[in-house]
Amino acid sequence: MEVCGCWKRLLLLSLRLLFVVPAGLPVRSQGDSQSDNKVMDNITVRQGETVYLSCSQGDVVTHTAWLNRSSILYAGEDKWSVDPRVSLVTLNRDEFTIKIENVDMSDEGLFVCAVQTSSKPRTTSVHIIVQVPPKIVNFSKDLIVNEGSNVSLMCLATGKPEPAISWRMLSPSGDGPGSDEEYLEIPSISRQRAGEYECTAVNDIATDTKTVQLVVNYPPTVLEGRDVGVTLGQRGVLQCEADAVPEADFEWYRDDRRIFNGFDGIEIENSGALSKLTFFNVSEADYGNYTCIAINKLGSANTSIVLYEVIEPTSSTLLQVETATLLEVTSSVLTQTGTECYHLWEGPGAVQDGNSGTSGTYTPISLLLIVALQLLLKF
């Protein structure tokens, strides 16, 4: 056992002395050299994939080994690496191939296949380049800020090649501020800049994205109230709408007296940005000026609404209106008819009364008056 252990240590030392390649890729030796060094093209592999490393044998081979940074992976059929991802695929007179599974960044670098033939040593070297998809590793959490604050959103990512970073606003409009930097700076933020922002990290391998929600608090603004006219005894509703973040609380006042839900048969219903003040049976005392106040932690705003009386027309009122209309129409007809009669009386062949000279065409006028009176009597 001790002899075997000494042999392995001696073999390791010999391989390192014979085959360790200094920094930089080896260059093929001159023809009179006793070694034959070959440089293969770089191998590019993505993180997590499997790579095969192979070199040709030829001639009569006495020793073979695969090394990584002077660490022996395989010496012939003997595995020296403790890494379970490394395994021997082929070892014969023509080929010496090993496999590395689930390649990681730690595998990037120079690998050397060393072959000792009966005549001279020979090495084949290859450089493995590991590409890593982007991954966002440091990202801003959801933010709640007050309007007018300066905001900085962070997006840091790793990957190889180094990923490019970009910011864009997803909602509500999608046309908000953007950036190609790791930090998105929004000075003196307004309520229009609130929404969802997306950071994208992209390289030749893949893309990674993350989103952050940005909430902007601002004091209430109240839409101008609309006066409401209601008939006595009917149902009346006053409405108050406010825009605010966080949502506003509503208070209703009549003069300087606050109104509470259920007060004198009045109902107050708040739903999001809208508040309704409902009168189920409007009385004379209900008419007047009302004030709605919207409040949140950043401020308040108010508007005034007038509840006024609307008088329904009665049957006597309708009769007066219709009679006045009828008289106006009749007067217009009489005026037109009288003018026509006058022209007939003055014209050739007009028939006249022998005593008074009054035109006989006044008879139709009398008939029209009678018809008008009959119509009036129907009401």
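User: Is Ala194 buried or exposed?
Analyst: In this predicted model, Ala194 counts as buried, because its relative accessibility is 18% and buried means under 20%.

User: Where does Ala194 sit along the chain?
Analyst: Ala194 belongs to the loop between strand E14, which covers 183-186, and strand E15, which covers 195-202.

User: And which residues is Ala194 in contact with, leaving aside its neighbours within four places in sequence?
Analyst: With those neighbours set aside, Ala194 is in contact with Met169, Ser171, Pro172, Leu214 and Val216. For Pro172, which is 22 residues apart from Ala194 along the chain, the two C-alpha atoms are separated by 8.0 Å.

User: Switching topic, how many disulfides are there in the whole structure?
Analyst: A search of the whole structure finds 3 disulfides. A disulfide is a covalent bond between the sulfur atoms of two cysteines. If you number the bonded cysteines of the chain in sequence order, the pairing reads 1-2, 3-4, 5-6.

User: What does the disulfide of Cys55 and Cys113 tie together?
Analyst: The sulfur atoms of Cys55 and Cys113 are 1.8 Å apart. Cys55 lies in strand E3 (residues 51-56) and Cys113 in strand E9 (residues 109-117), so this pair ties together parts that are 58 residues apart in sequence. Cys55 is buried, with a relative accessible area of 4%, and Cys113 is buried too, at 0%.

User: What about Cys155 and Cys199, how far apart are their sulfur atoms?
Analyst: Those sulfur atoms, in the disulfide formed by Cys155 and Cys199, are 1.9 Å apart. The pair links distant parts of the chain, with Cys155 in strand E12 (residues 151-160) and Cys199 in strand E15, 44 residues apart. The link of Cys155 and Cys199 is left-handed, with -75° about the S-S bond.

User: Is the link of Cys240 and Cys292 left-handed or right-handed?
Analyst: With -80° about the S-S bond, the link of Cys240 and Cys292 is left-handed. Cys240 is in strand E18 (residues 236-245) and Cys292 in strand E23 (residues 288-296), so far along the chain that they are 52 residues apart and link distant parts of it. Cys240 counts as buried at 1% relative accessibility, and Cys292 counts as buried at 0%.

User: Back to strands, how do E7 and E8 run?
Analyst: Strand E7 (residues 86-91) and strand E8 (residues 95-100) run antiparallel and are joined by 5 bridges. E7 and E8 form a hairpin with 3 residues between them, and Leu91 stands opposite Phe96 in E8.

User: Last one, where is Asn217 found?
Analyst: Asn217 is found in strand E16, residues 207-222, and it counts as buried at 5% relative accessibility.

Terms used. Residues are numbered from 1 along each chain as its sequence is written. This is a predicted model: local features need pLDDT of at least 70, side-chain atom pairs count only at pLDDT 80 or more; totals for chains, interfaces and linings use all residues. Side-chain values use heavy atoms; hydrogens and water are left out. Helices (H or I, at least four residues) and strands (E, at least two) are DSSP runs, numbered from the N terminus. Buried means under 20% relative accessible area, exposed over 50%, partly exposed in between (1.4 Å probe, protein chains only). Contact means heavy atoms within 4.5 Å. Two strands pair if DSSP finds at least two bridges between them. A disulfide is a pair of cysteine sulfur atoms within 2.5 Å.
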